[in-house]
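User: I'd like to learn how to read a model like this one, feature by feature. Can you walk me through it?

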Amino acid sequence: MKRLELAIESIILATRWLLVVFYIGLGLALAIYAVSFGKKLYEFAFNALTLGDTDTILKMLGLIDAALVASLVVMVIISGYENFVSRFDENDGKVHWLGTIDVGSLKVKVASTIVAISSIHLLQVFLNSVSYTTDQLMWLTIIHLAFVLSALMLAYIDRLMGLAKGKKVED
């Protein structure tokens, strides 16, 4: 019976390697997004001299938004692999920073990045507010505030968990 239990546990533990397919898929999606970013950058550079101040700011905010999304994807790929699949092999200490993001910290970083992306989007909307109704502006603001509140709650919960872990170590 113990042999069956060990076999089942080995199978269950091995299923973590299925996550690699998702991380590779995210990497491919990031490459496609990089092409999209390149197109946006090319269009911005080509039209930069003809754009007004507001349009220039909107284009730059779009590029910043894309960079934040790309950073979020990289953070999820690296942290997810490190936390759920396998540790990266250290090559002369070049990857020591990878193991510093645990699952709780990753959630907080993802939520913070989502808030930043939402902030940029909301700023773009307000710079172009004539294209939106008052109700649309209100709902976009409410949704953004929900993201902010969620990020604050995740950070608070992560802090409480850190304090609880610290107390267990002391006891």
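User: Which residues does the UniProt annotation "transmembrane region" cover?

Analyst: Keep in mind that this is a predicted model, and that such annotations may be inferred rather than shown by experiment. Here the unreviewed UniProt entry puts "transmembrane region" on residues 12-36, 56-78, 110-131 and 137-157.

User: How much helix and strand is there over residues 110-131, and how far apart are the end C-alpha atoms?

Analyst: Residues 110-131 are 82% helix and 0% strand, with 30 Å between the end C-alpha atoms. Try the 137-157 span next: it comes out at 100% helix and 0% strand, and its end C-alpha atoms are also 30 Å apart.

User: What about the chain as a whole, how many helices and strands does it have?

Analyst: Five helices and zero strands, so the order from the N terminus reads α-α-α-α-α.

User: How does the span of helix α2 compare with what its 29 residues should give?

Analyst: The general idea is to take 1.5 Å times one less than the number of residues. Helix α2 runs over residues 19-47, and its expected span is 42 Å; the end C-alpha atoms sit 42 Å apart, which agrees.

User: Which residues are buried in α2?

Analyst: Buried means under 20% relative accessible area. In α2, Tyr23, Leu30 and Phe44 are buried, and the cover over the buried residues of α2 includes α3 (53-85). Chain-wide, 21% of the 171 residues count as buried.

User: Is Ser118 buried or exposed?

Analyst: Ser118, which lies in helix α4 (residues 103-127), counts as buried because its relative accessibility is 11%. Then ask what it touches: setting aside neighbours within four places in sequence, Ser118 is in contact with His144 and Phe147.

User: What share of the contacts in the chain with a separation of 6 or more comes from residues 24 or more positions apart?

Analyst: That share is 66%.

User: And on the outside, is Leu149 buried or exposed?

Analyst: The cut-off for exposed is over 50%. Leu149 has 52% relative accessibility, so it counts as exposed. Leu149 is found in helix α5 (residues 134-170) and belongs to a nonpolar surface patch with Met153, Tyr156, Ile157, Leu160, Met161 and Leu163. Together these residues have about 700 Å² of accessible area.

User: What supplies the area that the chain exposes?

Analyst: The chain exposes about 12,300 Å², and carbon and sulfur atoms supply 69% of it.

Conventions. Residues are numbered from 1 along each chain as its sequence is written. This is a predicted model: local features need pLDDT of at least 70, side-chain atom pairs count only at pLDDT 80 or more; totals for chains, interfaces and linings use all residues. Side-chain values use heavy atoms; hydrogens and water are left out. Helices (H or I, at least four residues) and strands (E, at least two) are DSSP runs, numbered from the N terminus. Buried means under 20% relative accessible area, exposed over 50%, partly exposed in between (1.4 Å probe, protein chains only). Contact means heavy atoms within 4.5 Å. Accessible areas come from the Shrake-Rupley method with a 1.4 Å probe; for residues, only the protein chains shown count as cover. Patches are made of residues with over 30% relative accessible area and no salt bridge: like charges are joined within 9 Å, nonpolar side chains (Val, Leu, Ile, Met, Phe, Trp, Tyr) within 5 Å. A salt bridge is a side-chain nitrogen of Lys or Arg within 4 Å of a carboxyl oxygen of Asp or Glu.
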